[in-house]
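Good morning, and thank you for joining. I should like to take the group through one structure this morning, element by element.

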Amino acid sequence: MRLLLLSDIHANLEALEACLAAAPAHDRVVNLGDVVGYNASPNEVCEQVIAMGAPVVRGNHDRACSGMTDVKDFNPVAAISAYWTRNSLKPEHLEWLRALPQGPLRSNDFPGMEFVHGSPSDEDEYLLNTSSADDNLELPEHAPLIFFGHTHIQGGFIDEEGESRPFRPIYDSLEGPVEYKMWLTPGERYLINPGSVGQPRDNDWRAAFALYEHNGGPLASVTFYRVPYDIEQTQQRILSAQLPDRLAARLKLGR
Ligand code: ZN
């Protein structure tokens, strides 16, 4: 199985297209949510994601932008973009977003894996540190390999005898496309975030995704990727839509 993992596209069409163009051959795709919000191409991105036909777990922005939840917990900039997105989305895309399933997503097609937006225990939880990772890796009812999004930070946590250890991909360049392959230790439990396609927050502006590979042998791997994209075009769309300037500026900072 060669499984492409996409998360937190956030209506960034240029970043999504760059990821799809750079993605190696794969036979499956899973999307970890937050298809829309923040950036200015929600309809174009919904169209592409729907056309991919892959499972999608709903994210908090998918709920807020489609009117399923209010935006009281959002900061003002996120709230403005959620309202703008709600008013910009075509009715069929609003309907599609509202119908997205809540995680954890499990399927016989993906044995030993679960897919969530926030965490296995709470779709809105941010898995940012080892204490929240510990709480979730301890849950025996969950699969040993959990893919999550929401934090916009590529990497994750491995369970080492009851204590989680964080890991991040190590890249040899801050420019151009890069990749980092990590072998998964059989029998260990992992929480893995492919990173955010459309609004990375790990100080690297390049679009992020990951590929899980398992060819039936004892070893599986995850390869993390970063790819440059036409960020000026994305920023221009944000400014043309009269969304807050800060949404354009933060993209280049990777924050
Ligand atoms: Zn997000």
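Let me begin with a question: which residues of H4 are buried? They are Val77, Ala78, Ala79, Ser81, Ala82 and Thr85. Please bear in mind throughout that this is a predicted model.

The cover over the buried residues of H4 includes helix H2 (42–52), helix H3 (60–65) and helix H8 (245–253). At the N-terminal end, H4 is capped by Asn75, which places a side-chain oxygen 3.1 Å from the backbone nitrogen of Val77. The length of the helix can also be checked. H4 covers residues 76–88, and because each residue should contribute 1.5 Å, its 13 residues should span 18 Å; the end C-alpha atoms are indeed 18 Å apart, in agreement.

I turn now to the sheets. One open sheet has five strands in the order E2-E1-E9-E10-E7, and its pairing is mixed. At its edges are strand E2 (28–31) and strand E7 (178–184), each of which pairs on one side only. On average, neighbouring strands in this sheet are turned by 20 degrees against each other, direction ignored. Strand E1 (residues 2–6) runs parallel to E2, and four bridges join the two; Leu4, for instance, has Val29 in E2 as its bridge partner. Helix H1 (residues 13–22) lies across E1, strand E9 (207–214) and strand E10 (220–227), at about 30 degrees to E9.

Strand E8 (residues 190–193) deserves separate attention. In a regular strand, side chains alternate between the two faces of the sheet. In E8, Tyr190 and Ile192 point one way, Leu191 and Asn193 point the other way, and all are buried. Strand E4 (residues 145–147) pairs with E8 in the parallel sense over three bridges, with Phe147 opposite Ile192. Strand E5 (residues 155–160), by contrast, runs antiparallel to E8 and is joined to it by four bridges; here Ile158 has Tyr190 as its bridge partner.

Finally, the nonpolar cores. The largest holds 46 residues, of which Val35, Val49, Trp96, Leu97, Phe209 and Tyr229 touch the most other members. H1 gives the most to this core, with five residues. Another core, of 24 residues, lies apart from it and includes Leu3, Phe115, Ile158 and Tyr212. Ile158 thus appears a second time, having been named as the partner of Tyr190 in E8.

What does Val35 touch, leaving aside residues up to four places away in sequence? Its contacts are Ile9, His10, Ala11, Val45, Cys46, Val49, Val56, Asp62, Trp96 and Leu97.

Thank you for your attention.

How values were computed
Residues are numbered from 1 along each chain as its sequence is written. This is a predicted model: local features need pLDDT of at least 70, side-chain atom pairs count only at pLDDT 80 or more; totals for chains, interfaces and linings use all residues. Side-chain values use heavy atoms; hydrogens and water are left out. Two strands pair if DSSP finds at least two bridges between them. Axes are lines fitted to C-alpha atoms, for helices over the stretch in contact, and angles run from 0 to 180 degrees between N-to-C directions. Contact means heavy atoms within 4.5 Å. The expected span of a helix is 1.5 Å times one less than its number of residues. Buried means under 20% relative accessible area, exposed over 50%, partly exposed in between (1.4 Å probe, protein chains only). A polar contact is a pair of N or O atoms within 3.5 Å; within protein, one must be able to donate a hydrogen and the other to accept it, and residues adjacent in sequence count only if both atoms are side-chain atoms. A nonpolar core is a set of buried Ala, Val, Leu, Ile, Met, Phe, Trp, Tyr and Cys residues joined through side-chain atoms within 4.5 Å.
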